[in-house]
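Please open the structure in a viewer and keep the selection panel at hand. The tour below proceeds stop by stop.

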Amino acid sequence: MIKEERNFADPQFETAMIPGRFQRTMRHCIVWQLIRMVFFSVRSIGIIMVNLKNEKELPST
Amino acid sequence: MARLVVLGAGVAGHTTATFAKKWLGNGHEVVVVTPNSLWNWIPSNIWVGVGGMSKEDVVFPLAPVYQKAGIDFRQAKAVSIHPEGKDGSDTPYVTVEYTGQNKEGQTEEITYDYLVNATGPKLNFDATPGLGNGEGGIGSNTVSVCTADHAVHASQELKQVFEKAKRGERQKILVGTGHGMCTCQGAAFEYIHNIHHEAEKAGVRDNVDIKWISNEAFLGDFGMGGMHMKVNGYVVSSRIFAESLYTERNIPWIIGAHVNKIEEGKAHYELLDGSTGEEEFDFAMLIPPFAGAGMKAYDKAGEDITSKIFNPGGFMFVDGDYAPKPYDEWKAADWPRTYQNRDYKNIFAAGIAFAPPHIISKPAKSPNGTPINPTPPRTGMPSGIIGKAVAHSIVDLIKNGSSAHLHEASMAEMGAACVASAGKGLTGGQAAAMTIYPVVPDFDKYPGTGRDTEYTFGEIGLAGHWIKHILHHLFIWKAKLKPGWTLIPE
Ligand SMILES: Cc1cc2nc3c(=O)[nH]c(=O)nc-3n(C[C@H](O)[C@H](O)[C@H](O)COP(=O)(O)OP(=O)(O)OC[C@H]3O[C@@H](n4cnc5c(N)ncnc54)[C@H](O)[C@@H]3O)c2cc1C
């Protein structure tokens, strides 16, 4: 059991989900996080590309 | 030679002015009017507010940057716009009042060919009794992280709270929004999680109760009606994402709250169900509602036309569809595309200064008639993109005449990347990294969620923190116009 599981005693928290030990380790695993950083950067570039694609010009009024 | 006057040197105004100057060259003038001598990378104020950065880390003087770029810098605040000129002259102008450059208090009329209003938000602390000081500033009951100076003060107060907690005195911390019509929940989200993180690091978390209070109808609304995003291969609501993080960190929440009064150590609120309550605190950071900068506008005869140019909140009307209509009839197409003022075609608004056609979240009222819903956020990336599109349009108008094409940057067709810090630290930090497309949901195009779940994604981890830290340096580099600045996206 991880200590955060105790928080579920509060009824407000009942329906949430919290990461287990493995997920928590991965959140701070340097190698995995470097991979995720590359992944997020690629996703962000994707967003930038979509924005560029959507850039349009309109005749001025 | 044409003159472009940009009001405000925040994310939007600085982007407009610097790109316009670069594209126009020395043949035309770019004037920036802004009351502060320093540029502030506002997102990093969160870290200043927990003592993780100093004020000097997040600000730099504007004058040398503008001098290098050939931009005429006036440290002043715009007071009024005169788009038709005045008796005897058709040349439009703005009236400004100096706040620096050894001209404090002096007023001046600055004529323009094109005007960009990028004055961002006025922090309207006085909208909630006890949140403000009655003179437009922040009161003494709560702290803020909206400016670098506010954040420095917040960090000093937080330090005292941690010291008391260390001595065994139980402390209560309340973070969120200070009014039913606030935006910027994301900043409060970052601050509460950074406080949690610092409290853990200081070993005082068990002695500190941390609570969230906000005007969102559900946790994770963020003023965008929430979002459905891909997380670990699942499409989940930001509500689950946010509630899970708060649960993990033992941060209970009060949601759907209009904070209507603050006293020393106590916040009073009304909830969406009409009930009322109060929450005690030893330390509270409550974001104030935002208003427009409060400029006036006059026609040639000197008649007040403020309500023609600005909405009642002080935000400038542009090319959005402002016809009032019920929530079910809101469309992505209501959102402005070119940010050109609907009446005066040589005036544009960029960033927070433009009037949104309506809110994004579902409107909500308590049975007492109190509106309790977030107003639309216009975060850094959209503000920068809009600022650049406006610069592009004006440059084309100047170079090619009034038949030039205007550039579009509708928030309903724009994606954004957003990184919300949940704690600072090279190996121990965390942030929620998100991409979202489009910013304003389009339920016709994406029935169900309103957004493209291929592009709308979120994840929390150390990588997010690294990205946030890299972005801090990248954006300050870009704002200082250092080599390669144009290659850094907005
Ligand atoms: C604490 C905090 C954290 C945030 N974190 C993030 C984040 O992580 N990511 C993100 O994308 N966004 C974030 N935001 C939002 C982001 O800061 C804004 O979206 C952005 O600053 C908006 O840009 P703007 O140019 O419209 O306004 P601003 O950046 O506020 O600039 C407005 C400018 O106008 C000037 N001005 C005001 N009145 C006048 C006047 N009368 N005349 C002339 N000039 C005037 C001001 O001095 C200022 O220079 C955060 C906001 C806050 C408060």
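In which strand of chain B is the place of T177(B)? Select strand 10, residues 171-177 of chain B, where T177(B) is found; helices (H or I, at least four residues) and strands (E, at least two) are DSSP runs, numbered from the N terminus.

Before going further, note that this is a predicted model, in which local features need pLDDT of at least 70, side-chain atom pairs count only at pLDDT 80 or more, and totals for chains, interfaces and linings use all residues. Residues are numbered from 1 along each chain as its sequence is written, chains are lettered from A and ligands numbered from 1 in the order in which they are written, and side-chain values use heavy atoms, with hydrogens and water left out.

**T177(B) and N215(B)**

Stay with T177(B), which counts as buried because its relative accessibility is 0%. Buried here means under 20% relative accessible area, with exposed over 50% and partly exposed in between (1.4 Å probe, protein chains only). Now add N215(B) to the selection: its backbone nitrogen lies 3.1 Å from a polar atom of the T177(B) side chain. A polar contact is a pair of N or O atoms within 3.5 Å; within protein, one must be able to donate a hydrogen and the other to accept it, and residues adjacent in sequence count only if both atoms are side-chain atoms.

**Helix 7 of chain B**

Next, select residues 238-248 of chain B, which form helix 7. Of its 11 residues, 9 are buried, among them F241(B), L245(B) and Y246(B). At the N-terminal end, S237(B) acts as the cap, with a side-chain oxygen 2.9 Å from the backbone nitrogen of R239(B). Just past the helix, select N250(B), whose phi is positive at about 55 degrees.

**The ligand**

Display the ligand and the residues near it, that is, those with a heavy atom within 4 Å. There are 33 residues around the ligand, and those that come nearest are A78(B), I352(B), R378(B), G380(B) and K468(B). Which element of chain B gives the most to this shell? Helix 9 does, with 3 residues. Helix 1 (11-24), strand 2 (29-34), strand 5 (72-82), helix 6 (185-201) and helix 9 (380-400) of chain B each contribute at least two.

Three backbone positions are worth labelling in turn.

- G380(B): a backbone N or O atom lies 2.7 Å from a ligand oxygen.
- A78(B): a backbone N or O atom lies 2.8 Å from a ligand nitrogen.
- G8(B): a backbone N or O atom lies 3.4 Å from a ligand nitrogen.

The ligand taken alone exposes 990 Å², and the protein buries 87% of that; these areas come from the Shrake-Rupley method with a 1.4 Å probe, and for residues only the protein chains shown count as cover.

**F354(B)**

Move to the loop between strand 21 (347-349) and helix 9 of chain B, and select F354(B). This residue counts as buried because its relative accessible area is 0%. Measuring to L397(B) in the viewer should give 20 Å between the C-alpha atoms, for a separation of 43 residues in sequence.

**Chain A**

Finally, select chain A, which has 2 helices and 1 strand, in the order α-α-β from the N terminus. Its C-alpha atoms fill a box of roughly 60 × 35 × 10 Å along the principal axes. Buried residues account for 30% of the 61 residues in chain A. The accessible surface of chain A is about 4200 Å², with 66% belonging to carbon and sulfur atoms.
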